[in-house]
Amino acid sequence: MASTTGPSAPWAGPSLCCDRCGQAPADPLQQILMSAVWLIPGPDGPIAARYCRACPPAGPITDLTCLLCGDGPLLVGDLASGANGPFDALPAAAQQWLAAAGWRLDGPVCPGCRPRR
């Protein structure tokens with residue numbers, strides 16, 4: 001079960017525990033792996049989650065990366081559809097979640113790299 005409830009939570013969340021098994025990172029490499037945000041389909045829309053090395057969800061999986069910093073969520077299942085093409089080819093649910101989380105959709109550019117106005 002994912003521990004985050006909204007689009008902004010994955011970048012502000014204090015815990016890196018696996019959302020499937022509850023394991024905390026055992027070493028620095030595991031901490032790096034578990035810092036990745038996975039965007040998975042949920043009953044009411046996309047859910048952000050984190051997984052340990054043993055628990056990642058099954059594919060398809062696409063890595064969406066910010067053009068400026070290279071960071072971004074891993075899109076899973078139906079949310080990964082079209083992610084290898086133009087950003088506007090992403091499913092509407094993924095686009096809505098990313099926009100609500102502060103992503104600039106004409107890039108993509110993440111909330112941390114997005115210019116402040």
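Confidence in the predicted model averages a pLDDT of 81 over the protein chain, and 79% of the residues reach a score of at least 70. The mean value varies among the elements of the chain: strand β1, formed by residues 38-40, has the highest mean pLDDT, at 94, whereas helix α1, formed by residues 9-12, has the lowest, at 41. Over residues 1-14, pLDDT stays under 50. For this stretch the model contains 22 contacts beyond four places in sequence. Where pLDDT is low, predicted coordinates should not be read in detail.

Strand β2 spans residues 47-49 and includes Ile47. The relative accessible area of Ile47 is 25%. Ile47 is therefore classed as partly exposed, since this value lies between the limit of 20% for buried residues and that of 50% for exposed ones. Val37 lies ten residues from Ile47 in sequence, and the C-alpha atoms of these two residues are separated by 9.8 Å in space.

One salt bridge was found when the whole structure was searched. In a salt bridge, the side chain of Arg104 meets that of Asp106, with an N to O distance of 2.6 Å. The two partners were also examined for accessibility. Arg104 has a relative accessibility of 27% and so counts as partly exposed. For Asp106 the corresponding value is 58%, and this residue therefore counts as exposed, the cut-off being over 50%.

Technical notes. Residues are numbered from 1 along each chain as its sequence is written. This is a predicted model: local features need pLDDT of at least 70, side-chain atom pairs count only at pLDDT 80 or more; totals for chains, interfaces and linings use all residues. Side-chain values use heavy atoms; hydrogens and water are left out. Helices (H or I, at least four residues) and strands (E, at least two) are DSSP runs, numbered from the N terminus. Buried means under 20% relative accessible area, exposed over 50%, partly exposed in between (1.4 Å probe, protein chains only). A salt bridge is a side-chain nitrogen of Lys or Arg within 4 Å of a carboxyl oxygen of Asp or Glu. pLDDT is the predictor's confidence in each residue, from 0 to 100. Contact means heavy atoms within 4.5 Å.
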